[in-house]
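The following report describes the arrangement of strands, selected side-chain contacts and a few backbone features of one protein model. Please keep the sequence and the structure at hand while reading.

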Amino acid sequence: MLGDGVKKGDLLINGIIINKHDTPRYVHSLGNITGTYKESVTFEQPLNEVQNIPTGETITKKSLYFFGFNIPLSIGKVEGNYSCSDKTNYMYFLGAELPLGITYSHYDMYEEVELSYSFEDAEIIIKDKIKDFETNFLSDTVILKKTITNNSISGTAIYKADYLLEGEIGTQSQIIVD
């Protein structure tokens with residue numbers, strides 16, 4: 001009934017109809033179950049952290065892809081901090097892809113930079129994280145109430161967001177008949 005509390009796993013809409021002869025008939029049933037519920041999320045931002053900042057430098061190395069093996073076509077090793085992405089261009093013969101090609105390895109260089117934030121800077125970063133969370137995960141719900149508490153523990157700004165939400169709480173599942 002409207003206003004009743006439910007717990008996870010309760011059957012709210014079923015597809016079993018019992019006729020006047022007490023014989024069950026199974027039908028597909030649909031419905032939306034909307035409810036209010038609470039959710040709490042904690043966001044943290046260290047006041048000192050190390051971030052990887054791209055330098056803008058990209059190093060490309062080539063290798064010969066031959067039957068599952070990559071044979072380097074250049075000499076030397078990439079030094080420093082980087083992220084690598086590979087792309088192999090295969091050769092074709094009469095429209096069929098051959099196990100032969102050139103692999104291009106792109107090394108995007110970055111440097112590790114230690115960043116220090118004031119509590120006010122960390123607060124701005126956390127508020128952006130909260131906004132992103134609400135956009136990505138709460139966009140199909142209505143926020144009825146939001147309470148944010150904050151504190152700082154051992155060099156980390158911590159914000160706890162408590163939400164009272166209204167949204168879809170039902171899930172669809174099949175009824176298995178033995």
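The text below treats the sheets, then the side-chain contacts, and then the surface and the loops.

The model is a predicted one, and what is said here about it should be read with that in mind.

**The four-stranded sheet**

One open sheet is formed by 4 strands in the order β5-β4-β7-β6, with antiparallel pairing. Its edge strands are β5, covering residues 69–72, and β6, covering residues 81–93, each of which pairs on one side only. From one strand to the next, the twist averages 40°. Within this sheet, strand β4, which spans residues 48–66, is joined to β5 by 4 bridges, and the two run antiparallel. The register can be followed at L64, whose bridge partner in β5 is I71.

Strand β7, residues 96–116, also holds S105. The S105 residue is buried, its relative accessible area being 9%, and its side chain makes a polar contact of 2.7 Å with the side chain of D86.

**The three-stranded sheet**

A second group, of 3 strands, forms an open sheet in the order β3-β9-β8, and here the pairing is antiparallel. The edge strands are β3, residues 34–46, and β8, and each of them pairs on one side only. Neighbouring strands of this sheet are turned against each other by 15° on average when direction is ignored. Strands β3 and β9 run antiparallel and are joined by 13 bridges. One position that can be inspected in the structure is E44, which stands opposite I158 in β9. In general, the strands of a sheet pair through backbone hydrogen bonds, in either a parallel or an antiparallel manner.

**Salt bridges**

How many salt bridges does the model contain? The count comes to 2 salt bridges, when a side-chain nitrogen of Lys or Arg has to lie within 4 Å of a carboxyl oxygen of Asp or Glu. The pairs are set out below with the separation of their closest N and O atoms.

| Acidic residue | Basic residue | Closest N and O atoms |
|---|---|---|
| E134 | K146 | 3.0 Å |
| D162 | K160 | 3.9 Å |

E134 forms a salt bridge with K146. Because E134 belongs to helix α1 (residues 119–137) and K146 to strand β8 (residues 142–153), the pair ties together parts that are 12 residues apart in sequence. E134 is buried, with a relative accessible area of 18%, whereas K146, with a relative accessible area of 40%, is partly exposed.

D162 forms a salt bridge with K160. In this pair D162 counts as partly exposed at 26% relative accessibility, and K160 likewise counts as partly exposed, at 37%.

**Helix α1 and a distance across the chain**

Helix α1 is also the place of K127, a residue that is partly exposed, with a relative accessible area of 48%. K127 and E166 are 39 residues apart along the chain, and their C-alpha atoms are separated by 22 Å.

**A nonpolar surface patch**

Which residues make up the nonpolar patch on the surface? V6, L12, I13 and I169 together make this patch, which amounts to about 300 Å². Of these, I169 is placed in the segment after β9, the strand that covers residues 156–168. At 37% relative accessibility, I169 counts as partly exposed, and it therefore passes the requirement of over 30% relative accessible area that applies to patch residues.

**Two loop residues with positive phi**

Two residues deserve a look for their backbone angles. D22 has a positive phi of about 60° although it is not a glycine. The place of D22 is the loop between β1 (16–18) and β2 (24–26), and the residue is exposed, with a relative accessible area of 63%. L94 is not a glycine either, yet its phi is positive, at about 55°. L94 is found in the loop between β6 and β7, and at 79% relative accessibility it counts as exposed. Since exposed means over 50% relative accessible area, the value of 79% places L94 in that class.

Conventions. Residues are numbered from 1 along each chain as its sequence is written. This is a predicted model: local features need pLDDT of at least 70, side-chain atom pairs count only at pLDDT 80 or more; totals for chains, interfaces and linings use all residues. Side-chain values use heavy atoms; hydrogens and water are left out. Two strands pair if DSSP finds at least two bridges between them. Axes are lines fitted to C-alpha atoms, for helices over the stretch in contact, and angles run from 0 to 180 degrees between N-to-C directions. Patches are made of residues with over 30% relative accessible area and no salt bridge: like charges are joined within 9 Å, nonpolar side chains (Val, Leu, Ile, Met, Phe, Trp, Tyr) within 5 Å. Accessible areas come from the Shrake-Rupley method with a 1.4 Å probe; for residues, only the protein chains shown count as cover. Buried means under 20% relative accessible area, exposed over 50%, partly exposed in between (1.4 Å probe, protein chains only). A polar contact is a pair of N or O atoms within 3.5 Å; within protein, one must be able to donate a hydrogen and the other to accept it, and residues adjacent in sequence count only if both atoms are side-chain atoms.
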